Amino acid sequence: MTSDSAPPQARAGTVRVTLVSAGISDPSSTRLLGDRLVDRLTGSLAAGEGDVDTQVIELAPLAVDIAQALVGGLHGDNLATSIARLAQTDVLVVSTPVYKAGISGLLKSFVDVLDNDLLVGKPVLLASTAGSARHAMVADDHLRPLFAFMRCVVAPTSVFAAPEDWADPATSRRIERAAHETAVLWRADTERAISDSAWGSYQHQFGGQATRSEQSGDDVDFDTALMRLATGRRPRDV
């Protein structure tokens, strides 16, 4: 069977993939699932695309820094470095354990210290682990709305693994599908396309964490709809 649609065009340059793992045990099944996803995603991205650079942000060692940032607004060096990595990454994989029918509080707290516009348009692959299949929908019920709020582009397929799923061929097929979907999103250049067209309509924090954030007065565009309202002018008709 043939298709009338052309395949996505290859993109030049190194693809930066970051895994955020909220696992706290060693070894961590949450990290192991994240590693499987990154490995398969790397294969999908590297096919005819060039190099793939992978890195991991483990949240457990950042727990104290995250708490201090939430309470006092101070970002330690390790937390600041991790946030800078997220700003520069092209593709994000997020893997969390499930506790009491919900995602890791450590992961939620980490997201809480991020600027709302840090991840705009970035492709994200979601994953979760638990001790029972009863928690299979947590990634879609809890993680998906969270990263939708962060204005990410989330892959349609999430991946869940309970103890009985690790050797199940269906899990491998789901990982394959999720990795393929995420690679397609990256090839579509969603981050640039969305940010180029909509960045001025978002509310931003001056001196923020995102790569496009205004860091000085010269960076501020006073002609956006929001800035025209803020300075007492009428927004232009769209």
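These legends go with an overview and three close-ups of a predicted model.

**View 1. The whole protein chain, before zooming in.** There are 238 residues here, and 44% of them count as buried. Secondary structure adds up to 8 helices and 7 strands. If you build a contact map, leave room far off the diagonal: of the contacts between residues at least 6 apart in sequence, 76% join residues at least 24 apart. The surface comes out at about 12400 Å², with carbon and sulfur atoms supplying 53% of that exposed area.

**View 2. A cis peptide bond in the loop after β1.** Look at the link between Asp26 and Pro27: the peptide bond is cis, with omega at about 5 degrees. Where does Pro27 sit? Pro27 is in the loop that runs between β1 (15–21) and α1 (29–46).

**View 3. Positive phi values at Lys100 and Ala101.** This one is about the loop between β3 (91–99) and β4 (102–103), where Lys100 is found. Ala101 belongs to the loop between β3 and β4 as well. Lys100 is not a glycine, yet its phi is positive, near 50 degrees. Ala101 isn't a glycine either, and its phi is also positive, at about 65 degrees. Buried or exposed: which is Lys100? Lys100 has a relative accessible area of 86%, so it counts as exposed. Ala101 comes in at 41% relative accessibility, which means it is classed as partly exposed, since that class lies between the 20% and 50% cut-offs.

**View 4. Thr89 and its surroundings.** Thr89 is in the loop between α3 (77–88) and β3. Is Thr89 buried or exposed? Its relative accessibility is 1%, so Thr89 counts as buried, because the cut-off for buried is under 20%. What does Thr89 touch, once residues up to four places away in sequence are set aside? The list reads Arg16, Val17, Thr18, Lys122 and Glu191. Arg16 deserves a second look in this view: a polar atom of the Thr89 side chain lies 3.0 Å from the backbone oxygen of Arg16. So the close-up pairs a buried threonine, at 1% relative accessibility, with a side-chain-to-backbone polar contact to Arg16.

Key:
Residues numbered from 1 in each chain as written. Predicted model: local features only at pLDDT ≥ 70, side-chain atom pairs only at ≥ 80, totals over all residues. Heavy atoms only, no water. Helix = DSSP H or I, 4+ residues; strand = E, 2+ residues; numbered from the N terminus. Buried < 20%, exposed > 50% of the residue type's maximum accessible area, 1.4 Å probe, protein only. Contact = heavy atoms within 4.5 Å. Areas by Shrake-Rupley, 256 points an atom, 1.4 Å probe, with all protein chains shown as cover. Polar contact = N/O pair within 3.5 Å; in protein donor to acceptor, adjacent residues only side chain to side chain.
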